Amino acid sequence: AGATMRVGWTLALCMLAIPVLCVKDLGQSAPIWPFPSTNSAACDSPIYCKGPLLYAVNSARLYNDSKMFVDMPMRFDPNYIINAFNKLGNYSKESLLNFVDQHFDASGSEVIGVLPDDFDPNPPFLDKISDPHLKTFGLGVHDIWLNLTAQFDHTKYCTDCYSSIQVPNHFVMAGKRFHEYYYWDSYWTMHGLLVSGMTNTTKGMIQNFASLVSRFGFVPNGGRVYYLNRSQPPLLTQMVKIYLDATGDTDFLKEILPILDQEYSFWVKNRTVSVTLPSGTWWLSQYNVRNQVPRPEAFAEDLQTAKGLNASAMYELFGHISSAAETGW
């Protein structure tokens with residue numbers, strides 16, 4: 001009874017003020033997810049979006065970057081991993097590191113490089129550059145597509161054993177720690193792709209986003225399940241426009257128009273409020289993510305930001321942080 005009371009008081013303190021310290025305080029006891037069961041977590045995954053394992057890994061700060069863990073594909077079925085974690089018995093940092101190493105592959109292991117079929121090693125835009133130094137620079141920038149174009153390969157993993165969201169065509173990654181596609185980043189990427197004459201890759205990426213709208217009703221922030229509770233600036237229509245301006249592909253425009261309407265409806269229904277002023281009632285679009293938990297890809301960082309707040313203020317802060325992330329900045 002005494003041990004149970006100590007665990008209960010520890011959890012209460014974790015939820016109210018100091019969640020970063022929970023795993024240490026619980027000692028050999030299995031960590032418990034300290035957030036409300038009614039929270040609006042990014043997704044239902046008990047590994048990548050919520051649950052004791054996600055909480056323990058980040059509370060112990062196993063990695064300098066929280067994103068590393070949630071980008072690791074699982075070697076086993078999620079239920080098997082959860083059961084093994086609950087029986088672990090020792091939740092020290094060393095024990096947790098060993099557990100993750102045994103049950104997960106390296107971050108981004110399901111991402112493979114792709115050679116785009118429309119990549120031209122000598123793109124025509126270089127002919128318009130007379131300065132040899134600028135021409136060399138331009139070619140170097142163009143060649144970066146070879147390092148950033150990728151696709152997800154899930155063939156060796158079970159369903160739900162990865163956080164990446166599959167799409168029908170290859171895509172251009174943001175690079176560095178980001179092993180997936182991102183929504184509004186891709187708009188600026190497409191400007192560069194079109195300069196490089198890579199219209200097939202551009203169209204394929206637009207089709208990828210269209211497939212996400214068909215599946216989820218909107219384009220998520222990025223290509224991971226932990227982004228499913230937020231979007232980014234809705235630039236899909238602008239993507240279609242710059243592709244159409246470059247190719248004149250009106251058939252594709254006709255094909256994708258219903259998808260553009262569907263995404264627009266999402267923003268009107270979920271991100272628009274009425275504002276009444278002396279001059280009348282106006283509709284205002286806003287970034288507004290309903291969320292009461294740390295972002296999985298920045299879990300430890302969000303916990304640190306919220307340190308010292310009471311429960312109500314902490315949950316509100318997590319919603320504001322997620323909404324800020326939806327802006328793209």
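**Close-up views of a predicted model**

**View 1. Asn 288 is partly exposed, with a relative accessible area of 27%.** Welcome to the first stop in this predicted model. Asn 288 belongs to the loop that runs between strand 5 and helix 13. Which residues does Asn 288 touch, leaving aside those up to four places away in sequence? The partners are Arg 271, Ser 323 and Glu 326. Look also for Ser 322: along the chain, Asn 288 and Ser 322 are 34 residues apart, yet 8.0 Å separates their C-alpha atoms.

**View 2. Asn 291 is a buried residue in a loop.** The loop in question links strand 5 (280-285) with helix 13 (299-306). With a relative accessible area of 5%, Asn 291 counts as buried because the cut-off for that label is under 20%. Which backbone oxygens does the side chain of Asn 291 reach? One belongs to Val 293, at 2.7 Å. Another belongs to Phe 318, at 3.4 Å.

**View 3. Helix 5 has three named buried residues: Pro 78, Ile 81 and Phe 85.** Helix 5 spans residues 78-86. Why do these buried residues lie on the same side of helix 5? Around the axis they cover an arc of only 65°, so they share one side of the helix. What do they pack against? Their neighbours are helix 3 (52-59) and helix 6 (93-103). Now move to the start of helix 5, where Asp 77 offers a side-chain oxygen. That oxygen comes within 2.8 Å of the backbone nitrogen of Asn 79.

**View 4. Three residues make a nonpolar patch on the surface.** The members are Phe 137, Val 141 and Ile 144, and together they have about 280 Å² of accessible area. Find Phe 137 in helix 7, which covers residues 132-143. Is Phe 137 buried or exposed? Phe 137 is exposed, because its relative accessibility is 57% and the label needs over 50%.

**View 5. Arg 61 and Asp 160 both have a positive phi.** Here is some background for this view: most residues other than glycine have a negative phi. Arg 61, which is not a glycine, has a phi near 50°. Its place is the loop between helix 3 and helix 4 (67-70), and Arg 61 is partly exposed at 33% relative accessible area. For Asp 160, also not a glycine, phi is about 70°. Asp 160 sits in the loop between strand 2 (149-152) and strand 3 (171-172). With 54% relative accessible area, Asp 160 is exposed.

**View 6. Stepping back, the whole chain has 14 helices and five strands.** How many residues does the protein chain have, and what share of them is buried? There are 329 residues, and 48% of them are buried. The chain exposes about 16,100 Å², with 57% of that area supplied by carbon and sulfur atoms. Finally, think about which parts of the chain meet. Among contacts with a separation of 6 or more, 70% join residues that are 24 or more positions apart.

Terms used
Residues numbered from 1 in each chain as written. Predicted model: local features only at pLDDT ≥ 70, side-chain atom pairs only at ≥ 80, totals over all residues. Heavy atoms only, no water. Buried < 20%, exposed > 50% of the residue type's maximum accessible area, 1.4 Å probe, protein only. Helix = DSSP H or I, 4+ residues; strand = E, 2+ residues; numbered from the N terminus. Arc of directions from axis to C-beta. Contact = heavy atoms within 4.5 Å. Polar contact = N/O pair within 3.5 Å; in protein donor to acceptor, adjacent residues only side chain to side chain. Patch = residues over 30% accessible without salt bridge, like charges linked within 9 Å, V, L, I, M, F, W, Y side chains within 5 Å. Areas by Shrake-Rupley, 256 points an atom, 1.4 Å probe, with all protein chains shown as cover. Salt bridge = Lys/Arg side-chain N within 4 Å of Asp/Glu carboxyl O.
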